[in-house]
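Take a look at the start of the chain first. Then move on to a single loop residue much further along.

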Amino acid sequence: ATAKDAITKIEATPAAQTNFDTGIKQVENAVAAMNDALVAQGVLSQIAVSKDVRDASTECDDKQSQFAVSLGADPAIYAMAQRGVATATNPQDKKLAELYVESGRRAGAGLDDASRATAQKLFNQLNKLQIDYGRALSEDKSSITITAAEAASLPGPFLKTLKKDGAGYTVPVNESTYGPFTENEKSGAARKRFLVTYQVRGGQANVKRLEDAVALRDQLAHLLGFSTWAAYQLDAKMAKTPQRVIAFLRSEEHT
C-alpha cells in the first residue's frame, strides 16, 4: 500500500514533464523500499514452521508479484523510463532507465489496453502457479529408508540428523539432503531410490502446475511478439535468440 501510494504521487506529474531524478529514480526508490521491507515476510513461505505463517507469507508473495506485474505494464512508468533514458546525466542512471524500458516492453506496457490487460492477467496466473509450485516442493515430506549397511558411507554429522528406522534410517528427500546424500552414499540402489523420490516431489499437482505454466508462457510469448517462451527469455540475455544458442551448442559439439 505504501509503494502504491508513492507511485500514485509520482504519476501525478505527467511523464513528459519528468526527468530521471523526478521520474524513474523516484519509482526505483519506492520499489526498493518495498522490496527491503518485505524480505523477511517473503522468505517465511519457505521456512516458517507454522502453516498459518507460511500461508500468510504466500499471500504476501502473491500480492507483491501482482504489484510488480502492474508496475511493469504501467504505460506511465514506461513513458517515464523513456524520459529517464533521454535525461539521465551519467551512464549508471541511463542504464537503470534502460532496464525499466526493457522491463516495460517485456511486461506489455507498449500494448493496447485490451492486450495489456490480458498480459497482466496471464502474468499473474503464471506467478501464482510458480509460487504454488515452489511452496509444494518446500512442504513436501518425501523420504526414503536406508539400511545400516547403506548408511555406513554417510558422514557422521549428517547421519546424526537422521531418524532411526528399525535397524536403518529415514532420509528426508529435499534440497538440504541432496548434496550430502548423493555425494557420499556408495550404494547405487540407495542413490537411485533417493533420486527417483527427489524427482517426483510435489506429486501430480505440480505436474499439472507445470503443464499450465508452459501453456501460459506460450500465450504470453505470442502476445508479446515472440515465437516461443525461449525467444522471449533470451531476448533480454546476451544470447538474444534460440538460434544463436543452438548454433553455439552445435559448434561446441565439434570442438
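Contact here means heavy atoms within 4.5 Å. Helices are DSSP runs of H or I of at least four residues, numbered from the N terminus. This is a predicted model, in which local features need pLDDT of at least 70, side-chain atom pairs count only at pLDDT 80 or more, and totals for chains, interfaces and linings use all residues. Residues are numbered from 1 along each chain as its sequence is written, and side-chain values use heavy atoms, with hydrogens and water left out.

Start with helix 1. Its buried residues (under 20% relative accessible area, 1.4 Å probe, protein chains only) are A3, I7 and I10. Seen down the axis, they fall within an arc of 60°, so they line one face of helix 1. That arc is taken from the directions from the helix axis to the C-beta atoms. The cover over these residues includes helix 2, helix 4 (51-72) and helix 5 (75-87). The face turned away from the buried side carries T2, K4, T8 and K9, which are exposed (over 50%).

Now pair helix 1 (residues 2-10) with helix 2 (residues 24-37). Their axes come within 9 Å and cross at roughly 175°. Axes are lines fitted to C-alpha atoms over the stretch in contact, and angles run from 0 to 180 degrees between N-to-C directions. The two helices are therefore roughly antiparallel (over 145 degrees). Helix 1 contributes A3, A6, I7 and I10 to the contact; helix 2 contributes Q26, V27, A30 and M34.

Finally, go to K240. This residue sits in the loop between helix 13 (229-234) and helix 14 (242-253). Its phi is positive, about 75°, although K240 is not a glycine. K240 counts as partly exposed because its relative accessibility is 40%, between the 20% and 50% limits.

Terms used
Parallel < 35°, antiparallel > 145°, perpendicular 65-115°, else oblique.
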